[in-house]
Amino acid sequence: QVQLVESGGGSVQAGGSLRLSCAASRYLLRLYCMGWFRQAPGKERELVARIDSGGSTTYADSVKGRFTIAKDNAKNTLYLQMNSLRPEDTAIYYCATEERTYCTGAYAYWGQGTQVTASS
């Protein structure tokens, strides 16, 4: 069974940084598309960044130049480095996998989420 466990969330001042981690229970990262999503109160869940099996990345326009998605295949861990955080980045962040080598948007497995709060 696939398990994804996020960690690294917290509260920071605007302009600060956090690094989220997502530990996978299987050798998912080198095989499958992985993504980071977020959901703020009263808003729909949105894709923040994704990375496919080959390492190609895609970012939401709102985080380009500030967030970086990366993976460590040997540790089965996905990361999201978040710099220059803004209050509008406040949300619960989730990692997810499609179990496909390329990204189609059909994410089948999700972590439990980690809260990120950036205050002004």
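Which residue forms a salt bridge with Asp89, the closest N and O atoms being 2.8 Å apart? Select Arg66: that is the partner. Keep in mind as you click around that this is a predicted model.

**Stop 1: the charged network**

Show Asp89 and Arg66 as sticks. Asp89 sits in the loop between β8 and β9, while Arg66 belongs to the loop between β6 (57-59) and β7 (67-72), so this pair ties together parts that are 23 residues apart in sequence. Both side-chain owners, Asp89 and Arg66, are buried. For Asp89 the relative accessible area is 1%.

Now add Arg38 to the selection. Arg38 also makes a salt bridge with Asp89, and here the closest N and O atoms are 2.9 Å apart. You'll find Arg38 in strand β4 (residues 34-39), with Asp89 in the loop between β8 (77-82) and β9 (91-97), so the pair ties together parts that are 51 residues apart in sequence. Arg38 has a relative accessibility of 6% and counts as buried.

Next, pick Glu46. Its side chain meets that of Arg38 in a salt bridge, at 2.6 Å from N to O. Is Glu46 buried or partly exposed? Glu46 counts as partly exposed, with 33% relative accessibility.

Keep Arg38, Glu46, Arg66 and Asp89 displayed together: salt bridges with shared partners join these residues into one network. If you want to hunt for others, a search of the whole structure finds 5 salt bridges.

**Stop 2: a four-strand sheet**

Switch to cartoon and colour by strand. Look for an open sheet of 4 strands, in the order β1-β3-β8-β7, with antiparallel pairing. Its edge strands are β1 (4-7) and β7, each of which pairs on one side only. On average, neighbouring strands in this sheet are turned by 15° against each other, direction ignored. As a reminder, strands of a sheet pair through backbone hydrogen bonds, either parallel or antiparallel.

Zoom in on β7 and β8. How many bridges do these two strands pair over? They pair over 6 bridges, in the antiparallel sense. To see one bridge partnership, select Phe67 and then Met82, its partner in β8.

Move across to Ser21, in strand β3 (residues 18-24). Ser21 counts as buried, at 16% relative accessibility. Leave out residues up to four places away in sequence, and Ser21 touches Val5, Glu6, Ser7, Trp36, Thr77, Leu78 and Tyr79.

**Stop 3: the nonpolar cores**

Hide the charged side chains and bring up the nonpolar ones. The largest nonpolar core has 29 residues, of which Trp36, Leu78, Leu80, Met82 and Tyr93 touch the most other members. Two or more residues come from each of β3, β4, β5 (46-51), β7, β8, β9 and β11 (114-119). Which element gives this core its largest share? That would be β3, with 4 residues.

Centre the view on Leu80 and show what surrounds this residue. Setting aside neighbours within four places in sequence, Leu80 is in contact with ten names worth labelling in groups: Leu18, Arg19 and Leu20; Trp36; Val48 and Ala49; Phe67, Thr68 and Ile69; and Tyr93.

Last selection: Cys33, Phe37, Ala96 and Tyr107. These are among the 5 residues of a second, separate core.

Definitions and conventions:
Residues numbered from 1 in each chain as written. Predicted model: local features only at pLDDT ≥ 70, side-chain atom pairs only at ≥ 80, totals over all residues. Heavy atoms only, no water. Salt bridge = Lys/Arg side-chain N within 4 Å of Asp/Glu carboxyl O. Buried < 20%, exposed > 50% of the residue type's maximum accessible area, 1.4 Å probe, protein only. Contact = heavy atoms within 4.5 Å. Pairing = 2+ DSSP bridges. Axes fitted to C-alpha atoms, helices over the stretch in contact; angles between N-to-C directions. Core = buried A, V, L, I, M, F, W, Y, C linked by side-chain atoms within 4.5 Å.
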